[in-house]
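Here's a quick tour of a protein model, written for someone who would rather be at the bench. Have a look at the fold first, then read on.

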Amino acid sequence: MPKQTREALETLLESGYTTVAATRIIYGKLKKTDGCDIDPRRWMEELATGSAQSTTCLPILGPSAAQVGGGLTLLTRLTLVPEEPDDVPSIQSHKIAETYNVVAIQPTSQRTWELACEQHGVDVVSLDCTQRLRFHITRKQVDAALEKGAKFELLYGQAMKDPSAFRFLVSTARQLTHLTRGKHVIMSSGSSDAVYLRSPHDVLNLAALLDITRSGSFGCLREEPAWAVAHGRARNLVEGTVDRVLRANTAEGGVAGEV
């Protein structure tokens, strides 16, 4: 486990988080080799014992969750950053998606934004808040994504060190929350550097600043991430059972973070 990743996980655990999604970011088109190839239990054993082995692998995990002594659950997540519309696959039937707990798409253009929101099987539509968006956040696409069970994500990590990124975060968040009524939003760090991680209390204060409603601000760390994880579990079930599985799992809750 890379030292930076270990420090981030320890910081999140000490801050009171109970669930963390370790993310692998893929740019462009998914390949057969992009599935998870690390056993999460081994990572948790290293975190518990302090014996972190040297590795050049990204902090990604296998499809099953693993817990460490203090109660931290480590999940796996894929974030796809498509460079062209053809890079957005049919997640619902893609075998690579089955190896991750959560699948997110981070749009880079108007067309990839539309595809991300219209796709079945996308758990999270992640918004790059480090720069001005290259597309318009429209009610039609927001409603389409919510109807299919997806949640929206705002990444705050870069905004903690860059004033320009903070302004873009505020602007993007207010566009989004205006259409979602301050709900259906996940707040994640998007950083593996412990310096830019924030405690749940600090994230709730930031959420309030971004016009996320009080009920929504608690949800952005509990119910909304839990729903995304439940949506991932239900991704490959037959149509008609998905909604029942999601409703049954949203009660699991727990405060979520990301590295």
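pLDDT is the predictor's confidence in each residue, on a scale from 0 to 100. That matters here, as this is a predicted model. Averaged over the chain, pLDDT comes to 80, and 78% of the residues reach 70 or more. One weak patch is residues 51-64, where pLDDT is below 50; even so, the model gives this stretch 46 contacts beyond near neighbours in sequence. Another is residues 238-256, with pLDDT under 50 throughout and 29 contacts beyond four places in sequence.

**The inside**

Which residues have the most contacts inside the largest nonpolar core? They are Trp 113, Ile 137, Leu 154 and Met 187, in a core of 58 residues. Helix H5, spanning residues 163-180, supplies the largest share of this core, at five residues. Apart from that core lies another one of seven residues, including Val 102, Val 124, Ile 186 and Val 229.

Trp 113 is worth clicking on. Setting aside neighbours within four places in sequence, Trp 113 touches Pro 107, Val 125, Leu 127, Phe 135, His 136, Ile 137, Thr 138, Gln 141, Val 142 and Phe 152. Ile 137, then, turns up both in this list and among the residues with the most contacts inside the largest core.

**Cysteines**

How many disulfides does a search of the whole structure find? Zero. As for individual cysteines, Cys 117 has a relative accessible area of just 1%, so it counts as buried, the cut-off being under 20%. Cys 129 is at 3% relative accessibility, so that one is buried by the cut-off too.

**A loop with unusual backbone angles**

Most residues other than glycine have a negative phi. Now look at the loop between H5 and strand S7 (185-188), where Arg 181 sits. Arg 181 isn't a glycine, yet its phi is positive, at about 60°. His 184 is in the loop between H5 and S7 as well, and it also has a positive phi, of about 65°, without being a glycine.

Are these two side by side with the solvent, exposed or partly exposed? Arg 181 is at 70% relative accessible area, so it is exposed, the cut-off being over 50%. His 184, at 27%, falls between the 20% and 50% limits and is therefore partly exposed.

Here are the loop pair's values together:

| Residue | Phi | Relative accessible area |
|---|---|---|
| Arg 181 | about 60° | 70% |
| His 184 | about 65° | 27% |

Methods: Residues are numbered from 1 along each chain as its sequence is written. This is a predicted model: local features need pLDDT of at least 70, side-chain atom pairs count only at pLDDT 80 or more; totals for chains, interfaces and linings use all residues. Side-chain values use heavy atoms; hydrogens and water are left out. A nonpolar core is a set of buried Ala, Val, Leu, Ile, Met, Phe, Trp, Tyr and Cys residues joined through side-chain atoms within 4.5 Å. Buried means under 20% relative accessible area, exposed over 50%, partly exposed in between (1.4 Å probe, protein chains only). Helices (H or I, at least four residues) and strands (E, at least two) are DSSP runs, numbered from the N terminus. Contact means heavy atoms within 4.5 Å. A disulfide is a pair of cysteine sulfur atoms within 2.5 Å.
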